[in-house]
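Dear colleague,

Please find below the structure I promised to hand over. My notes on what was found in it follow directly after.

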Amino acid sequence: MKIINHKILWVVLGCLMMSALGVAQDKPNIILLYADDISARELPIYGSTVWSPPKGGNSSDMQYRAKTPVLNQLAEEGLYVKTAWAATVCGPSRAMMMTGRYAHLHKWWHNSDKGKAPNGKGVWNLYDSSPHSIAHVAKAGGYATFWAGKTQMDIEGFQFDEGCFTPGEGSYNKAIHTTDFRLETRKINGKKKIFNADTNKEIHKKSYVQSGWYWKPHVQLMNYPGTNKKLVWWPNTKKSKKEFGLNTFGPDVELDFIFDFMERKQEEKEPFFVYHTSHLGHDAWDFLNPDSGNKWPGTPKISWNGKAYSRTLPNVTGDNGIYNTHATVTDSGIHHHINYLDYQVWQYMNKLKELGIENNTIFIFCADNGTSGYGKSSSISQKGTHVPLIIYAPGMKLTKKGMQDVLVNMSDMLPTIADIANVEIPDSYEINGESLMPFLTTDKPTHRDWIYGYHKETQIVRGNLVLKDGNDVWYDVSKTPDDLISFPKIKDWSQVSPAHRAERDQLLQTIPQFNLHETAHDAPENGIGKIEPLKKSK
């Protein structure tokens, strides 16, 4: 596909971002923070009257309202999108983000419903179905690349230079030498049962096999300088082994290695792309409180004084499932996870200032699907698809600011990064995303006419006036309800405007090209064939 007129774009980007020393850099750095299971309604900027309390469901209790002063400021000084959509659950959403494509091409229909590879063996890897991935695009544009956090897929074929994975690859249902914070399956009398490896007790509550990614996490480094293997378990030095333990919080480890990477690349004068797929927002087994039934394990306590954050140093003691946090860890709740993300974004901003690259970095904050217990894996209305999206680029002459009442899809991130990196995607290679750069940098008033999501075999699509959810229920979305989802249902099309009906007809015409779950569920027998390479835009 053709992206946009690159001559116009690069007039804008040419004077885009200057370092604190006044030295121009060829390209702006890009940080994409992709949070986990966070609906747009959880962030105060979206103005929802309800949000998710610790036990799930709807609530207007202010004690469970996230507080995000830093993200609020970035949204106001940069911009945020009123209606940004992903798929309804993490695997397909991450596939959409990393490929710029929908499931009819990459075949990741749902976490538990993925197309087979051409040989019929195993899941079709994203880098095989979609070789021009977000990592390949960034590399083609001359970027050093770093992937931190959650992977949820085979990482082998992506062109990330380095990585810090929590949990590390290969720790699923397997013991590693650094930590026993994991739930694993064991065969008892011929039946598989789940055990907590930390307590050696069977789990009777509903849960799933997992390696710990919050406290005392399973951390693996990829291609870290000074190591002689592609993947090594961390801690791997005398200092890190001494410091690692119950007080180690996985999201902190991720950010430490991201900042190390940023420092090295800035020193080398090499633009970088950071793909930070944080677990924050995702529910998990609470190893520090194994009998509590907490949905979202606590985070280190933080405090905002109106100008800066302070963080309480965690002090966790104990063993074998009996722990004392000494009041240094929050109680359960997704609001604490979002607060901690805000704290980490504050750390990002401080690091960019420290390195002198605040005005030469584009920062994007978004999430992969709706909140667990509310929207995750739901195809009702836009419960599962509606996610936050904030773009902050202080050195870029953005033509938009604050809240933008436009339609954006997570597939749009890949072609947007291609434009920033000055990379042209071949016309013969189908991309479903659309670059945001024309909207961000010109007087273009809108971005998309419609957006699309999916949940297994169901199709979810909306425009500015109407929405069809996965249950084939139609809604009038011309006005936004207080809870962001309770749109009026359209039961009689004669009672809405001709414009509503015209948009419905347009949306119905878009669905067949994507609705291939039944007829083309798996990879084509001969794969994808020859693919033209990425090119530098002229």
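Angles between helix axes under 35 degrees count as roughly parallel, over 145 as roughly antiparallel, 65 to 115 as roughly perpendicular, and the rest as oblique. This convention is needed for the helix pairs described next. Please bear in mind throughout that the model is predicted.

**Helix 9 and its two partners**

Two packed helices are described by the angle between their axes and the distance between the axes. For helix 2 (residues 69-77) and helix 9, the axes cross at roughly 60 degrees and come within 7 Å. Helix 2 and helix 9 are therefore oblique to each other. On the side of helix 2, the contact is made by P69, V70, L71 and L74, which meet D342, V345, W346 and M349 of helix 9. Sorted by character, the residues of this contact are seven nonpolar, no polar and one charged.

Helix 8 (residues 250-267) also packs against helix 9, at an angle of about 15 degrees and with the axes 11 Å apart. That angle makes helix 8 roughly parallel to helix 9. The crossing of helix 8 past helix 9 is right-handed. Helix 8 contributes P251, D252, L255, I258, F259, M262, E263 and Q266 to the contact, and these meet Y340, Q344, Q347, Y348, K351, L352, E354 and L355 of helix 9. The residues of this contact comprise nine nonpolar, three polar and four charged.

**The nonpolar cores**

The largest nonpolar core holds 140 residues, and the members with the most contacts inside it are F160, M262, F273, Y348 and F363. Helix 9 (residues 334-355) gives the most to this core, namely eleven residues. M262 and Y348 also appear in the contact of helix 8 with helix 9.

Which residues does F160 touch, leaving out those up to four places away in sequence? They are M98, I134, A135, T145, F146, W147, M222, N223, F273 and Y275. A second, separate core consists of eight residues, among them W85, L407, I451 and I460.

T83 has two members of that second core, L407 and I451, among its contacts. T83 is located in strand 2 (residues 79-85) and is buried, with a relative accessible area of 5%. Apart from residues up to four places away in sequence, T83 touches Q382, H386, V406, L407, V408, I451 and R462.

**An enclosed helix**

How many of the eight residues of helix 10 (residues 413-420) are buried? Eight of the eight are, so helix 10 is largely enclosed by the rest of the structure. The buried residues are M413, L414, P415, T416, I417, A418, D419 and I420. After helix 10 comes N422, which has a positive phi near 65 degrees.

**Backbone features**

Most residues other than glycine have a negative phi, and most peptide bonds are trans. Besides N422, with its positive phi, the following sites deserve a mention.

- K216 is not a glycine, yet its phi is positive, at about 45 degrees. K216 sits in the loop between strand 10 (210-211) and strand 11 (219-222), and it is buried, with a relative accessible area of 17%.
- H326 likewise is not a glycine and has a positive phi, of about 50 degrees. H326 belongs to the loop between strand 17 (322-324) and helix 9, and it is partly exposed, with a relative accessible area of 37%.
- T166 and P167 are joined by a cis peptide bond, with omega about 0 degrees. P167 lies in the loop between strand 6 (162-165) and strand 7 (182-188).
- W234 and P235 are also joined by a cis peptide bond, with omega about 10 degrees. P235 lies in the loop between strand 12 (231-234) and helix 7 (238-243).

**A loop residue**

Finally, K444 is placed in the loop between helix 11 (437-441) and strand 23 (451-455). Its relative accessibility of 31% makes K444 partly exposed. The C-alpha atoms of K444 and T399 are 9.0 Å apart in space, although the two residues are 45 residues apart in sequence. Neighbours within four places in sequence aside, K444 is in contact with K400, P438 and F439.

With kind regards

Conventions:
Residues numbered from 1 in each chain as written. Predicted model: local features only at pLDDT ≥ 70, side-chain atom pairs only at ≥ 80, totals over all residues. Heavy atoms only, no water. Core = buried A, V, L, I, M, F, W, Y, C linked by side-chain atoms within 4.5 Å. Buried < 20%, exposed > 50% of the residue type's maximum accessible area, 1.4 Å probe, protein only. Helix = DSSP H or I, 4+ residues; strand = E, 2+ residues; numbered from the N terminus. Contact = heavy atoms within 4.5 Å. Axes fitted to C-alpha atoms, helices over the stretch in contact; angles between N-to-C directions. Left-handed = near helix turned anticlockwise from the far one by under 90°. Nonpolar A, V, L, I, M, F, W, Y, C, P; charged D, E, K, R; others polar.
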